[in-house]
Amino acid sequence: MTVVDPFKSKSDFKVNFDTAVRKNDMQIVIRGTIAFLFFFFLLFIYAFIVKENKIAIDEILGIDPFLEDCSSGARSLLLIPGLFLSGVIPIIYLFKQVKRLRQNPALHCPQCQTSLVKWKYQNQVCQTGVCPACLEKLFEGKLASEEAAIEYHQKTKTESNHIVRFSFCVSLVGLLIGLPILLWGRNLSVLLGKNTLSILETITLVPVIFLVIPISLWVISKSSVSESQQHINLFREYSNQSDTINQKHTHREQEE
């Protein structure tokens, strides 16, 4: 009978899992790009067919070919089903490819066979080394304990808050500087009889657009803090399960 070294098997699973995660991410990017290019190719073919057969299409739609505005406007409505038809095939292709990639056995828990290919599960397993489904310790993760997960959570929360505050302050300063320049440029355009935005006015609109950055970073920071909190909860569940198993073993030993 062959004795399997659990430490060696866990080490092998970690190596295979890390390799499989990198390959899976790369394949998703490659096949997503193929689907994206395929979408534009089909859309081009569809537009070409509509253009080459515009006379026949006008007859089918009952459009007078001498009314150019009406004809082009009605033909433009065909863009909507074109977008739909051009997007269906690439979406189906990408869905099937992702489904096929998820069947990789290296991305399944060796204990409960749960698929760990989702980003949420991948991150939890890489950080904690614990399967989020069956709470089995698969390997030593980046975070060794609940205390390390709490420290990581606090560090992530602090860093995220600093980044959001800094980006908000920079955007606010840019807005306070750019707004007076924008108003001055508008008044100058009125005096000169111009109705369009000058280059200077367009540049001063950039700080307004940059106000989106702190909002986006705030949403991302909330997601990062939420993920680190999930690591803590996973360690606690794993610890509670281990304590329960140890209590059962102790109880059996006492009965024997």
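## Exercises on a predicted model

Helix α1 (residues 6-52) gives the most to the nonpolar patch, with 6 residues. Keep in mind as you work that this is a predicted model.

**Exercise 1. Find which residues make the nonpolar surface patch, then decide how phenylalanine 48 counts by accessibility.**

*Step 1.* Pick out the members on the structure: Phe38, Phe41, Phe44, Ile45, Phe48, Ile49 and Ile89 make a nonpolar surface patch of about 670 Å².

*Step 2.* Place phenylalanine 48, which sits in helix α1.

*Step 3.* Apply the cut-offs: buried means under 20% relative accessible area, and exposed means over 50%. Phenylalanine 48 has 46% relative accessibility, so this residue counts as partly exposed.

**Exercise 2. Turn to the inside and describe the largest nonpolar core.**

*Step 1.* Count the members: the largest nonpolar core holds 13 residues.

*Step 2.* Look for the residues with the most contacts inside this core, which are Phe17, Leu107, Leu116, Val125, Leu138 and Phe139.

*Step 3.* Ask which helix gives the most to this core: that is α1, with 4 residues.

*Step 4.* Follow Val125 to helix α5 (residues 119-128), where Val125 is one of the buried residues. The buried residues there also include Gln122, Asn123, Gln124, Gln127 and Thr128.

*Step 5.* Move just past α5 to glycine 129, which takes a positive phi of about 80°.

**Exercise 3. Locate the salt bridges and work out how far apart the partners lie along the chain.**

*Step 1.* Recall the principle: side chains of opposite charge can pair when their charged atoms come close. For the count, a side-chain nitrogen of Lys or Arg must be within 4 Å of a carboxyl oxygen of Asp or Glu. By this rule there are 2 salt bridges.

*Step 2.* Take the pair in helix α1. Aspartate 18 and lysine 14 meet through their side chains at 3.1 Å, N to O. Because they are 4 residues apart in helix α1, about one helical turn separates them. Lysine 14 has a relative accessible area of 30%, so this residue is partly exposed.

*Step 3.* Now take arginine 236 and glutamate 146, whose closest N and O atoms are 2.6 Å apart. This pair links distant parts of the chain, 90 residues apart: arginine 236 belongs to helix α9 (residues 212-255) and glutamate 146 to helix α6 (residues 146-191).

*Step 4.* Check the accessibility of both partners. Arginine 236 is at 37%, so this residue counts as partly exposed. Glutamate 146, at 22%, counts as partly exposed too.

Terms used
Residues are numbered from 1 along each chain as its sequence is written. This is a predicted model: local features need pLDDT of at least 70, side-chain atom pairs count only at pLDDT 80 or more; totals for chains, interfaces and linings use all residues. Side-chain values use heavy atoms; hydrogens and water are left out. Patches are made of residues with over 30% relative accessible area and no salt bridge: like charges are joined within 9 Å, nonpolar side chains (Val, Leu, Ile, Met, Phe, Trp, Tyr) within 5 Å. Accessible areas come from the Shrake-Rupley method with a 1.4 Å probe; for residues, only the protein chains shown count as cover. Helices (H or I, at least four residues) and strands (E, at least two) are DSSP runs, numbered from the N terminus. Buried means under 20% relative accessible area, exposed over 50%, partly exposed in between (1.4 Å probe, protein chains only). A nonpolar core is a set of buried Ala, Val, Leu, Ile, Met, Phe, Trp, Tyr and Cys residues joined through side-chain atoms within 4.5 Å.
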